[in-house]
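Trainee: Please give me a close look at the part of this model where protein and DNA come together. I would like one connected account, with the cut-offs behind each term.

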Number of protein chains: 2
Amino acid sequence: MELSDRKKKILAAVVEEYIRTAEPVGSKAIAQSGCLHCSSATIRNELAELAALGFLEQPHTSAGRIPTPLGYRMYVNELMQKQKLSLEETEEINRRLSQKLQELDDTLSGVGRLASQLTDYPALAVTAQSAVTVRRFDLIYVDANTFIIVLTLSSSTARSKLVRLPVSVDQELVQRLSSLFNASFTGITEEVVTPELLHDTERAADDRLGLTAVISSFLLSELREANTPTAFITGENRLLSQPEFRDPDKAHRLMSYLAGGGHILPPGESMGAGSDEVRVLIGPENVAEELKDSSVVIASYDAGDHTRGLIGVVGPTRMDYSAVAAKLSFLAAGLSRRLGGGEAPPEGMHNKLIIKGDNGNGRE
Amino acid sequence: MELSDRKKKILAAVVEEYIRTAEPVGSKAIAQSGCLHCSSATIRNELAELAALGFLEQPHTSAGRIPTPLGYRMYVNELMQKQKLSLEETEEINRRLSQKLQELDDTLSGVGRLASQLTDYPALAVTAQSAVTVRRFDLIYVDANTFIIVLTLSSSTARSKLVRLPVSVDQELVQRLSSLFNASFTGITEEVVTPELLHDTERAADDRLGLTAVISSFLLSELREANTPTAFITGENRLLSQPEFRDPDKAHRLMSYLAGGGHILPPGESMGAGSDEVRVLIGPENVAEELKDSSVVIASYDAGDHTRGLIGVVGPTRMDYSAVAAKLSFLAAGLSRRLGGGEAPPEGMHNKLIIKGDNGNGRE
DNA sequence: ATTAGCACTCGGAAGTCGAGAGTGCCAGCA
DNA sequence: TGCTGGCACTCTCGACTTCCGAGTGCTAAT
């Protein structure tokens, strides 16, 4: 079923006006807005039909119309004109992206924060890695009581930990453990690390100090962490400036859900390859009960080494889809460019190339 | 000026009742609560006097009394009986603390999250490190295009980064750079790293690939990060369940302030040595305008190597000071025990001893 | 010094009312 | 046939009023 041209225009007008004002939109307002050349009565008839078709609804008789989720969907799919970011905006984003990646190096949470600032909605950032393995294993001997574990993961991330011991070790032991772990634990996924393997290693190391336990516990936890999709939420407070969340209970419910690491993505969906595609989930399209009257916009980016990351924002269904989609898409593209693959550096700067796991502290 | 014994009891009763119910407390309620053996009229007289002394106030004539900040202060200083945590509670905290430190190893944000969960208030965690220097510098050659930088900081933290290059390097160059940086950059604070020093190093390295720039930029940013007090806020959403933040604007103001990295501590105060002392800042005692009608409870802990960390919660002035103080104090003590100094392991487990900088991702 | 009693105050809930925005529908017009 | 102006109707929202009750302050009695 295809809508008439005028209906489309009217629907778009309603959606945009409602996004702007958060108030039900009346026929008169549309008529006056000018782009349509007909009277309010005509608009009223059209509105009634659009309502009958399920694109609009009235909070009560004799109030203006507001879009239904279906209406938003139609808007997002067909009516919305892709917003182009202004030159200043793109430059601003690029600048801050470079800064974020360069200075703090906390990709995940930092980028989430950036997305939240740009869109003025709460943002979430997720890594969706899988089957990360240890690629390389190093122990650095510091002094008799101290050594450093350096783990190089297949996701091109280095993780390190300084270990201080209550007992003395000699350089030779550290060396031996290092090659032992390199031999046994590289290239295998988390599931393969069985207690038996650990036990064997411990015996092979002839380790009377319990060092293997320390090392393998670090190894395991890092492996587990790298394989677990972790999500950051930032800018929850921005929810409160949305009129639909003036009800503290409602806001609280959603924020708690988000803070609890709510699962956003539809199950099974893992954001296929479609590089910088932006997905929009409107109201009831969300799986989580808590999100049924909110919307989520998600973009995916190439984090390098066959890993894709997710970045998105959460807001009321009355969301500025056009602007948000544009910004997220640009952000994701920028991230892909900076993180993705081992290709040529984007701007000739070496340190733009650096790939590293995040350590998400710091503030904005 | 000393209050009569009965006044103290009445004041304590008002504070505790108000903390419990968030409603103004009337004379009758106190009389009925039993512990005092006198009539409501007597209580009324006493209440009037307490109000005259500035410990209580009435929202309006003919409503019950609520404590003023001064009243809370009196309660915290003299009346509040130090709450002992139950055995279950201490065990619960210990268990989760171990788990946090062991598995995720994200001390800062993880502990903040724990504090927030325990107290049901938003929590903040701050490191207040100073004059961190690089203690040791390692480069690990991985392959022709890849090497790892490992920085050992004086705060007994190892930081690492995997660098991938668009050009080839040989093992010898990496080796040379490593010893060069070890010679020039260890033991010095951030301020001493001048552009000249960097330039000299670059020249000395005979580096035509720009590697020194990559390395020194990482070095600088890590040094800067380690020396900058960073704060995490977690559990902001819990603010919304407090009746005093039912007004979304008020909640929004405070949450934005917190999210913006609001400075909590009174200026000049850097939490002296007093190990596990808990500080309470009530309403107007806070320096920040945004906190003037909220309260903050902070505990400090020994993070090892002459570094102290801070952990605290934020809430309405009507805060359960007793419980919060007890929990934070216990938490701080536990942290000190686990992180502090290089002393004997708390429970004979090696991996409890491990000291490492946080990488604050993960969820609860 | 404490208590019982009483008049008084004031905020908040519930109820009332009018204004205004917006609709649906009808009749006239191109 | 489709558009438009007009008109009666509906329903929400804010302002205003009323009323109830909790809690006080004061006074007189114990």
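Mentor: What follows goes through the protein surface beside each DNA strand in turn, and then through a few places in the protein chains.

This is a predicted model, in which local features need pLDDT of at least 70 and side-chain atom pairs count only at pLDDT 80 or more, while totals for chains, interfaces and linings use all residues. Residues are numbered from 1 along each chain as its sequence is written, chains are lettered from A and ligands numbered from 1 in the order of writing, and side-chain values rest on heavy atoms, with hydrogens and water left out.

Let us begin with DNA strand C, which has 19 residues around it, the nearest being A:S27, B:S39, B:T42, B:H60 and B:S62; a residue is near a molecule or strand if one of its heavy atoms lies within 4 Å of it. When the atoms of DNA strand C within 4 Å of the protein are sorted, 73% prove to be sugar or phosphate atoms, and the rest belong to bases. On the phosphate side, B:T42 places a polar side-chain atom 2.4 Å from a phosphate oxygen of this strand. On the base side, the side chain of A:R44 has an N or O atom 3.1 Å from a base nitrogen of DNA strand C, and the side chain of B:R44 has an N or O atom 3.1 Å from a base oxygen of that strand. Such pairs are polar contacts, meaning two N or O atoms within 3.5 Å; within protein, one of them must be able to donate a hydrogen and the other to accept it, and residues adjacent in sequence count only if both atoms are side-chain atoms.

The elements that give two or more residues to the surface near DNA strand C are helix 3 (40-52) of chain A and helix 3 (40-53) of chain B, where helices (H or I, at least four residues) and strands (E, at least two) are DSSP runs numbered from the N terminus. Helix 3 of chain B makes the largest contribution there, with 4 residues. Sorted by class, the surface near DNA strand C holds 4 nonpolar, 11 polar and 4 charged residues; Ala, Val, Leu, Ile, Met, Phe, Trp, Tyr, Cys and Pro count as nonpolar, Asp, Glu, Lys and Arg as charged, and the others, Gly among them, as polar.

Turning to DNA strand D, we find 19 residues around it, of which A:S39, A:T42, A:R44, A:S62 and B:S27 come nearest. Sugar or phosphate accounts for 71% of the atoms of DNA strand D that lie within 4 Å of the protein, with bases supplying the rest. A:R6 has a polar side-chain atom 3.2 Å from a phosphate oxygen of DNA strand D, whereas A:R44 has a side-chain N or O atom 2.9 Å from a base oxygen of this strand, and a polar side-chain atom of A:S62 is found 2.9 Å from a base oxygen as well. Two or more residues are given to the surface near DNA strand D by helix 3 of chain A together with helix 3 of chain B. Helix 3 of chain A provides the largest share of that surface, 4 residues, and the classes there come to 4 nonpolar, 11 polar and 4 charged.

B:S62, named above beside DNA strand C, deserves a second look, since this residue has a positive phi of about 60° although it is not a glycine. B:S62 sits in the loop between strand 1 (56-57) and strand 2 (66-67) of chain B, and its relative accessibility of 66% is why it counts as exposed; buried means under 20% relative accessible area, exposed over 50%, and partly exposed in between, with a 1.4 Å probe and protein chains only.

B:A22 also has a positive phi, of about 65°, and is not a glycine. Its loop is the one between helix 1 (5-21) and helix 2 (27-33) of chain B, and B:A22 counts as buried because its relative accessibility is 18%.

To end in chain A, A:T90 belongs to helix 5 (residues 87-104) and is buried, with a relative accessible area of 16%. The side chain of A:T90 reaches the backbone oxygen of A:L87 at 2.8 Å. Apart from neighbours within four places in sequence, A:T90 is in contact with A:L85 and A:F330, contact meaning heavy atoms within 4.5 Å.
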